[in-house]
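Me: Please take a close look at one part of this model, the interface between the chains, and then place it in its surroundings. State the cut-offs as you use them.

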Amino acid sequence: MKLSRKFLEEYVNTHKLSNEELAEKMTSVGNEYASIDPLSSATNLTIGYVKSCIPHPDSDHLHVCEVEIKKGEVTQIVCGAPNVAEGQKVIVSLPGAILPGGIEIKKSVIRGQESNGMICSLGELGIESKYQSEEDKKGIHILPEDAEIGEEPLAYLGFDDTSIDFELTSNRGDLLSVMGMAYEVGAILNEKVKEPSIAITKETENIKDYVTVDVETENCPLYLARMVKNVTIKESPRWLKARLMASGIRPINNVVDISNYVMLETGQPLHFFDYRTLGNKIIVRMADEGEKLTTLDNQERTLSDKDIVIANQDHAVALAGVMGGLNSEVENDTKDIVIESAIFSPVHIRLTSKRILRSEASNRFEKGLDPRRTYFAVDRACKLLEELADGKVIAGCAIHDETKIKDEVITITVDKINKVLGMNLSKEEIVDVFNRLDFTTEEEGNALKVTVPSRRIDIHIPEDLIEEVGRIHGIDNVQGTLPIGTGLPGKYEKNYLKEKAIRNRLMAHGLSQVWTYSLTSKEHLHEFTKDDFTSIELLDPMLEDKKYLRYSLIPSLYQVAEYNLSRKVEDIRIQEISNIYYLEDGEVKEKKVLAGLLTGEVNTNLWLHQGTKVDFYYVKGIIEDVLTYLGFQNRFHIEVGEVAKEYHPYQSAIIKIDQEQIGSMGMIHPSISKTPIYVFEINLSKVFAYSIRSIKDREISKYPSIKKDVAFAFDLDTSAKEILNTIQKAGGRLLTEISIFDVYQGENIEKDKKSIAFNLTFMDPTRTLTEDEVMEIFNKIIKKVEEVHSGILRDK
Amino acid sequence: MKEEIKKIEEALEKDLKEVKNKNEANDLRVKYLGKKGFVTDLTKDMGSLSVDEKKELGKLANELKGKVTDKINGLISEMDRKELEERLKKDKIDPTLPATNLKVGGVHPLTKITEEVEELFISMGYDVVSGPEVEDDLHNFQLLNVPKNHPARDAQDTFYITDELLLRSQTSPVQARTMLKMKDKGPLRIICPGKVYRRDDDDATHSHQFNQIEGLVVGENISLADLKGTLEVFAKKMFGEDRKVRFRPSFFPFTEPSYEVDVSCFKCGGEGCNICKGTGWIEILGSGMVHPNVLRDCGYDPEIYTGFAFGLGIERVAMLRYGITDIRDFYTNDLRFLKNYNRMEGDK
């Protein structure tokens, strides 16, 4: 809300505060200001008279003017405006003047001619072009005859005003009016507000003979119509135009301007109909679905049955609260005007305006209006039309009123106020706040009965009054305390700490944490999963690539990798723990997922030619470590299985705990990424479903172990994991460790075979093993491997 | 006798000087101390001597033996020392050559801030609670005193999935859910961190996805003074001991009264700079006393209970703390950006 300072001054004494002081004071009671903008910041101006104007001898567009800048004082000014002419009253900036944008006016010589100032256009004074007439945009501004030579032109034009732009909170609809602002400033400065006059000089005839109002919908609790006949449409007086400009509204003509002025003043949007096209019957009803109406901006609108319309007997004439219809618009030859002042359902106005157009009017309807002000505004408009448009005000008002205008009466105790605010205010201090706000109070024992005027549509409950006391009195003196509690420490949710542990473990392995967006595109939605799931799609996406809630984190991590790779960051190790989302039996599911991505080299030392390239087994090692850290040693399995098509078909695996698949891992398919990139994704919701076993001490054997090596040739497809299972089963409890120390294909071995060499450790925690008993087990293992896996013993 | 000893000593000195390596030094041991060595020879003819003479000679011979042994050993250990020195010299490296690149991953700056806030409030007895990101209109708005089509909804343009389902635009629904879940409806204090979503175009200061932490305390005698005290502790912990807080009245539908909270600028200390835009104050969070409608709708009797709530944006705090100027940096994850945060926090 742009508040004109001069407009405000009409209704409340502002103690000659500077604009900054006033804005700060308003901010301290909750009405934050965004900016303070004078209509014009130009200095050292005067009204001049062009006594003579001749073309510049050395220019085809400049003029040399003799300008009277003070009674009897004439000076020469070179002017480049095409519309400058002898006999004009003009705005002159004198040497020393500073114009908006910091331009300083100096005495100068322009192509050999002395120039002692500048004749100004409105643009040069800093007036926005939307407020300028077509004439003004082309050159200098020409003042009317009555402008006095030597006077200050900004004051003459009413441009000696400043607008303070407030960012109001959505509950304070009452402040969308100069009157509302005046009450607020009055409360701060302890000043009474003087309301504008609604005294109409003369009223004739009766509204009944002209128009009737018939409200057919419950969404219009209050509708008032008055009539002013025989108006003269002309330019508005200067002060009125300036007020509108300082409030951010473009002046049009006196009638339209009055409608806007009264809205700014009272907060009540008005609509003026041309009686010729409106007719004698006003009907307020819901639009028919599909009904058409061409609005003032010359656009045909298709309405819905949620829109409220104003209609005559034949058709809709206005979209209530949003915009008038072209068919009943006030035109230059309009004589008789019907004024609408009404209250419509905020919810409906909001829906309609969101769909069609948000305007100053709709904004006010949405935030709620005071019915008293609705009555006030219609009379105020009549008065101004009488005064400024020579209109004949018709007596009476056509009324539909379902509102029961009443002031809110709220009872509250001093104790309650102090308890909530943590203050120790006396009853007098509290009553003073209400007095300043122009609320009346009545003492009832310990309690105060506070009557809140209907203009404060935001106040309904005791807490609202507490807020007012806090606002107006201020809480700077409140001494901060800490809430009294049990003294017990707070706690995290159970899985939260597990997540953190996983994150830290992966960080130790070099994986940095990233945060990526939850929303994804249709294309990425189904990547890196083979699940058949029901996705969650936004009703109203802003962008195509942020339309669905993701089902895998890997596409997001891959995007991060691509971004970094393209910037020559080639060693990438990242992780994220976030939710994935889907529907199951109509229910939204959010599951916590861990994903990682690795590429490049680790532990690099270039000059030593050292470094480890990230590969499948490196990533597998990280996953195994994390699962071991979580207590799943001997329970997790990484094995060949069906994975999403975005993985390399032969360098990928599924991850299981016991028999349940919890994730997958592998290289990204080379057709997607030329750079070898390895990724994994684990469903933590599944992992957290298992309880983590507690740590128990394990005795370290005092007895020596015996080690045996053995190598076999196997078919290429034989899984190491299965061989290890066989060996372990055959070796029994005395076989405490198996490691693979060589895998080989090539010379000295049959084609289509691979050799795998194992190192076996045998140990008994209670005694020393003999070579004989170990050999017995060892031979049993060899036999089993030969049987089960067709292993051909190569070496032992 | 003494002369012979002297001779031996002189011979030894000479021999020692001529020794070239450890083998030669060991040979001297044989030459002097061996069965036929010079020192052994001295005592060869002891049979003809008197007891006293034997004693005397034995003593001298032993002294000589000790001396010779020390000298030879001294020479050998000196040679060992030199040899080791030579070997170590060969091991010499240039410690200024680049190290092996060992990288431990780092936490994201948003996590750093989130955890710092969580740890502070945990220590003050708050539980950390989370809730669903896909919310319903009821919990995200209606239970928080924002009915359908309320103008306050404009401030949080929301992503809808159906007419009733949405991406939460704030973490406040977790507060509503927690209050509703509390069986005894007794006092509670929680903080709720999490992702939230709003229909904003991404630019340097807006992000369609960001993070909030909200706090809620409900009890029988909770006052605005408690809110003020709590946020003072928070401001000092997050931005430094010298910080002051300022409450500006504002409006949020779920609190009454409502306040925006500013902290005195930690860069200029309140004198005015580019961070605080010359005001000396930086807006960091919204807060207020829980609206009685919210308490009532979530099962708490507002006649008995009062409460306070506050909420802040993690991104905003991180941007202020570290001087980050583009909110999109958090989600781009340029590893060069993240690397800068892979360290502990500085002193405040």
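Reply: **A salt bridge across the interface**

Arg248(B) and Glu32(A) form a salt bridge in which the closest N and O atoms are 3.2 Å apart; the term requires a side-chain nitrogen of Lys or Arg within 4 Å of a carboxyl oxygen of Asp or Glu. The pair crosses between chains: Arg248(B) sits in strand β6 (residues 245-252) of chain B, and Glu32(A) in strand β2 (residues 32-38) of chain A. Strands (E, at least two residues) and helices (H or I, at least four) are DSSP runs numbered from the N terminus.

The model is predicted, so local features need pLDDT of at least 70 and side-chain atom pairs pLDDT 80 or more, while totals for chains, interfaces and linings use all residues. Residues are numbered from 1 along each chain as its sequence is written, chains are lettered from A and ligands numbered from 1 in the order in which they are written, and side-chain values use heavy atoms, without hydrogens and water.

Another bridge joins Lys491(A) to Asp127(B), with N to O at 3.2 Å. Between chain A and chain B the count is six salt bridges, and the whole structure has 75 over all chains.

As for the interface itself, 87 residues of chain A are in contact (heavy atoms within 4.5 Å) with 91 residues of chain B. The size of an interface is often given as the accessible area lost when the parts come together. Here the two chains bury about 7,300 Å² between them, with 55% of it on carbon and sulfur atoms; this is the accessible area (1.4 Å probe) lost on being put together, summed over both parts. On the chain A side, Trp515(A), Tyr517(A) and Met542(A) lose the most area to chain B, together 11% of what that side buries.

The domain bounds, which come from an automatic or database domain assignment, help to place these residues. Chain A is divided into domain 1 (2-32 + 164-189), domain 2 (45-157), domain 3 (203-401), domain 4 (408-473), domain 5 (494-689) and domain 6 (706-795). The C-alpha centres of domain 1 and domain 2 of chain A lie 36 Å apart. Chain B has domain 1 (2-90) and domain 2 (109-339), and their centres, taken over C-alpha atoms, are separated by 89 Å.
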